[in-house]
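These are my notebook entries on one structure. I set down what I looked up, entry by entry.

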Amino acid sequence: MVAALRIVDTPSLSETAPPTLVPTTTETFSAWEQVQIARHPNRPHTLDYIRHLCVDFFELHGDRSFADDQAIIGGVGRTSIGTVVALGHQKGGNTHENTRHNFGVPYPEGYRKALRLMRHAEKFGMPLVCFLDASGAQPSVPAEERGQAQAIAQNLMAMASLKTPIVAVVIGEGDSGGALALGLADRLLMLEHAIYSVASPEASAALLWSDVSMASEAASAMKITAQDLLNLGIVDEVIPEPAGGAHVDPDAIMSRTCAAILCHVAHLGRLDLRQLPDRRYTRYRGVGSYYER
């Protein structure tokens, strides 16, 4: 069994006190098994979480420049503690939906739509909630011609300086800059069997060993599971999934995830919003370690 952490909402939290951490036990799976669970087609998707989180949700479309990329969904929603801007990668539950949403793989216009919504959140003083579930950004020639790398970089720059609380949740597969473009947050949460990495295990195996069949070895070596990232200090909370994965009991995992999101949003809302960019900078400067000789 592996120890994880969950956050319990404590109404008496002071302005600067962190949430209360309580240990909980979780199932044990290999890294490669967790990759398969993270990719399960019946896992709840971003819109499922948004509809569970928000009493009312009004979707906003387009990047005001080129098109409306349905691989990223976002808009304004009312929750039990106030209005938020919620957005994230959207996959489908069947072939028709996956085709419509491009399997959750965004083009530059998807990231520019997300950037527009991030600015909207800051302008109107709304917390930003991001759901990460992408195998990467669209790698095609048209995407590169329209500035894919620049669109991702602009999102990272904007999220680093937004003066509004940001909570990001990895709900499935979070790979490469395609996921990171929505993940630079004050609090980063992960579902127990989600994965988060610089590249997919298959891509890493192809790069390191020129052999995609070694993806399972790459998954283990890369430390991409929620438990690994919690131990490394990259993730703030691991949200336990039902036995077998989120797809086994979607309502349970959505309730648990949304409760955790609201807890973090409420805590961040008590802080001085002008200090959030500095806190974010300190957080990411503190990730990782190195030795000097």
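**Entry 1. Aromatic pair.** I looked up phenylalanine 131 in this predicted model and found a relative accessible area of 0%, so phenylalanine 131 is buried. I then looked for aromatic pairs, and the structure holds 1. The partners are tyrosine 49 and phenylalanine 131, with ring centres 5.7 Å apart and planes at 25°. I recorded the pair as stacked because planes under 30 degrees apart count as such. Tyrosine 49 is likewise buried, at 0% relative accessibility.

I also noted where the two rings come from. Tyrosine 49 belongs to helix α2 (residues 46–53) and phenylalanine 131 to strand β6 (residues 128–134), so the pair ties together parts that are 82 residues apart in sequence.

**Entry 2. Helix α2.** Which residues of α2 are buried? I listed Thr46, Leu47, Tyr49, Ile50 and Leu53. Their arc around the axis is only 160°, which puts them on the same side of α2. Tyr49, the ring partner of phenylalanine 131, is thus one of the buried residues of this helix.

**Entry 3. Helix α6.** I checked the span of α6 (residues 148–161). Its 14 residues reach 21 Å from the first C-alpha to the last, close to the 20 Å expected at 1.5 Å a residue.

I next sorted its residues by accessibility. Gln148, Ala151, Ile152, Asn155, Ala158 and Met159 are buried. These residues cover an arc of only 125° around the axis, and therefore lie on the same side of α6. Ala149 and Met157, on the other side of α6, are exposed.

What covers the buried residues of α6? I found that the cover includes the helices α4 (108–123), α5 (141–145), α7 (176–180) and α12 (276–285), as well as the strands β6 and β7 (166–175). Strand β6 also carries phenylalanine 131 of the aromatic pair.

**Entry 4. Charge over a ring.** I looked up arginine 283 and tyrosine 284. The charged end of arginine 283 sits over the ring of tyrosine 284, at 5.1 Å from the ring centre.

**Entry 5. Helix α9.** I turned to α9, where Ala215, Ala218 and Ala219 are buried. Viewed down the axis, the buried residues of α9 fall within an arc of 105°, so they line one face of the helix. Their packing is against α1 (31–38) and α8.

**Entry 6. Positive phi.** Most residues other than glycine have a negative phi. I therefore looked up the exceptions on either side of α9.

Serine 210 is not a glycine, yet its phi is positive, about 55°. I located serine 210 in the loop between α8 (201–209) and α9 (215–222). Is serine 210 buried or exposed? At 68% relative accessibility, I entered it as exposed.

Lysine 223 follows α9 and also has a positive phi, of about 55°, although it is not a glycine. Its place is the loop between α9 and α10 (226–231). I entered lysine 223 as partly exposed, since its relative accessibility is 43%.

**Entry 7. Confidence.** Finally, I looked up the pLDDT values. The chain averages 88, and 90% of the residues score at least 70. Over residues 1–26, pLDDT stays under 50. For this stretch, I noted 60 contacts beyond four places in sequence in the model.

Methods
Residues are numbered from 1 along each chain as its sequence is written. This is a predicted model: local features need pLDDT of at least 70, side-chain atom pairs count only at pLDDT 80 or more; totals for chains, interfaces and linings use all residues. Side-chain values use heavy atoms; hydrogens and water are left out. Rings of Phe, Tyr and Trp (its six-membered ring) pair if their centres lie within 6.5 Å; planes under 30 degrees apart count as stacked, over 60 as edge-to-face and the rest as tilted. Helices (H or I, at least four residues) and strands (E, at least two) are DSSP runs, numbered from the N terminus. Buried means under 20% relative accessible area, exposed over 50%, partly exposed in between (1.4 Å probe, protein chains only). A charge sits over a ring if NZ of Lys or CZ of Arg is within 6 Å of the ring centre and within 35 degrees of the ring normal. pLDDT is the predictor's confidence in each residue, from 0 to 100. Contact means heavy atoms within 4.5 Å. The expected span of a helix is 1.5 Å times one less than its number of residues. The arc is that of the directions from the helix axis to the C-beta atoms.
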